[in-house]
Amino acid sequence: MPVSCTTNCGRKAILRRPKTGTSLCKECFFDAFETEVHHTITSGKLFFPGQVVAIGASGGKDSTVLAYVMKFLNDKYDYKLNLMLLSIDEGITGYRDDSLNTVKENKNDYQLPLKILSYQDLYGWTMDRVVEEVGKKNNCTFCGVFRRQALERGAVMMGASCIATGHNADDIAETVLMNIMRGDVARLGRCCAAITSSDGALPRVKPLKFCYEKEIVMYAYFRKLKYFSTECVYAPNAYRGHARNFLKELERIRPSVIMDIIHSGENLVFQTGIKTPQQGTCSSCGHVSSQELCQACTLLLSLNEGKAKQGVSKKSHKIRST
Amino acid sequence: MGSGSLKISVHFGGGAEILFDNLKQHDLELPLDNGTWNLKRLIAWIRDNKMKSKQELFVKDDSVRPGILVLVNDTDWDLLGQTDYELCDGDQVHFISTLHGG
């Protein structure tokens with residue numbers, strides 16, 4: 001027996017929202033999803049009129065939905081934002097080369113300018129070669145550090161004053177759990193913010209911060225958005241994978257758990273006197289860093305000197321900047 | 001109970017197709033000899049007949065692995081009784097992974 005849309009619009013419901021338990025038809029779901037992102041943007045003051053925004057675009061579900069919704073809301077509510085797509089080519093054969101084709105389709109479908117920046121051009125290394133050098137154990141560390149800086153550099157080149165990323169509610173809840181399990185108090189304190197900025201670095205904003213992964217995938221499905229969903233060919237981030245599975249199993253029992261974890265993360269109060277890293281600039285590349293040499297340059301130096309095989313030191317884990 | 005068959009099509013997306021030789025659509029004819037088919041029975045049948053390995057990436061505890069969305073004729077299975085939903089001739093079942101990429 002068909003379930004009716006909770007809004008009494010008279011249409012048949014097509015999904016149950018995990019966040020609220022309400023049942024909505026396709027039209028009311030689109031409206032609810034888009035309106036919530038609009039509220040996240042306006043209540044958090046994520047952007048200002050005239051701002052150039054670089055949307056980090058991987059071709060995956062989250063950034064595809066982000067690009068679509070940002071474009072849609074910018075037109076609907078006249079934010080007056082200048083939106084651009086920014087993609088990073090890590091140099092992973094059979095993965096990123098395919099997903100970049102999806103981003104190129106997004107560029108045409110949404111009529112947004114696109115810039116692609118490669119690790120090869122920026123660092124002289126592709127991830128394929130990094131993996132040849134360091135193996136499949138620590139490669140995600142290299143990739144993550146390089147991508148973070150590459151996005152920053154690309155956004156600066158495009159004249160953008162902020163970077164919007166597709167991080168969703170599930171991602172943030174996972175990160176809260178991971179930071180608790182790692183004892184990373186500094187990151188725990190800031191990982192829930194919809195907008196993070198540090199001196200000298202461009203602010204990063206997360207307009208999909210309160211969007212459940214289920215709803216992002218349903219939105220893409222019903223809007224018929226094209227996205228790329230192949231897993232990276234190199235070892236997945238195993239630690240995050242465990243946090244993710246744990247969270248998904250909890251979600252099945254109690255769907256609100258994702259919002260509840262974010263709520264907990266947002267309301268934690270930290271002892272004063274906990275040492276947080278001082279931001280400065282890297283003596284080699286000039287980018288923001290809490291150390292003499294930024295983490296990207298440290299890793300690059302180890303690659304170029306042939307020392308990266310020895311693995312990533314524990315120390316470098318502690319100095320990552322947000 | 002009359003014999004015959006139930007014709008449905010099953011679609012995999014969002015990366016779930018990787019578990020099925022990258023084939024996104026599978027048209028199935030299921031025998032009706034042993035009674036009706038609900039989604040629980042279909043999931044077990046897929047596990048036993050369409051997968052050679054990595055079954056744990058699709059199935060968990062008589063259902064799909066958490067993080068895989070299920071829709072029947074474009075309706076979320078959460079509105080249809082999930083695994084208890086009884087399949088009808090011509091049903092289109094979608095299994096969409098949310099676990100891939102970002």
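Tutor: Let's start with helix α1 (residues 39-50) of chain B, which lies across β1, β2, β5 and β7 of chain B. Helix α1 of chain B runs at about 110° to β2(B). Keep in mind that this is a predicted model.

Student: Happy to start there! What is the strand order of the open sheet in chain B?

Tutor: To read a sheet, list the strands in their order across it, then look at the pairing. Here 5 strands of chain B follow the order β2-β1-β7-β5-β6, and the pairing is mixed. The edges are β2 (25-31) and β6 of chain B, each of which pairs on one side only.

Student: How many bridges join β1 of chain B to β7(B), and in which sense do the two strands run?

Tutor: Strand β1 (residues 5-13) of chain B and β7(B) run parallel and are joined by 5 bridges. For one pair to find on your screen, take F12(B), whose bridge partner in β7(B) is F95(B).

Student: Now chain A, please. Which strands of chain A form its open sheet of 6 strands?

Tutor: The same reading works: order, then pairing. The order is β5-β4-β3-β6-β8-β7 in chain A, again an open sheet with mixed pairing. Because β5 (114-118) and β7 (195-196) of chain A stand at the edges with a single partner strand each, one side of each is left without a neighbour in the sheet.

Student: What packs on that sheet, touching β4 and β5 of chain A?

Tutor: Helix α3 (residues 96-110) of chain A does, and its direction makes about 165° with that of β4(A). As for β4 (residues 82-89) of chain A, this strand pairs with β3 (residues 52-56) of chain A in the parallel sense over 5 bridges. Within that pairing, A54(A) stands opposite M84(A).

Student: How much area do chain B and chain A bury between them?

Tutor: The size of an interface is often given as the accessible area lost when the parts come together. For chain B and chain A that is about 2,200 Å², with 53% of it on carbon and sulfur atoms. The contact takes 25 residues from chain B and 27 residues from chain A.

Student: How many salt bridges does the rule find across the interface of chain B and chain A?

Tutor: The rule finds 3 salt bridges there. In one salt bridge, the side chains of K214(A) and D78(B) meet at 2.7 Å, N to O. There are also 13 residue pairs in polar contact across the interface, both residues at pLDDT 80 or more.

Student: Which elements give two or more residues to the side of chain B that touches chain A?

Tutor: They are β4 (63-64), β5 (68-72), β6 (75-76) and β7 (92-97) of chain B. β7(B) gives the most, with 3 residues. From the partner chain, helix α9 (residues 213-222) of chain A lies across β5, β6 and β7 of chain B, running at about 45° to β5(B).

Terms used:
Residues numbered from 1 in each chain as written. Chains lettered and ligands numbered in written order. Predicted model: local features only at pLDDT ≥ 70, side-chain atom pairs only at ≥ 80, totals over all residues. Heavy atoms only, no water. Pairing = 2+ DSSP bridges. Helix = DSSP H or I, 4+ residues; strand = E, 2+ residues; numbered from the N terminus. Contact = heavy atoms within 4.5 Å. Axes fitted to C-alpha atoms, helices over the stretch in contact; angles between N-to-C directions. Buried area = accessible area lost by both parts, 1.4 Å probe. Salt bridge = Lys/Arg side-chain N within 4 Å of Asp/Glu carboxyl O. Polar contact = N/O pair within 3.5 Å; in protein donor to acceptor, adjacent residues only side chain to side chain.
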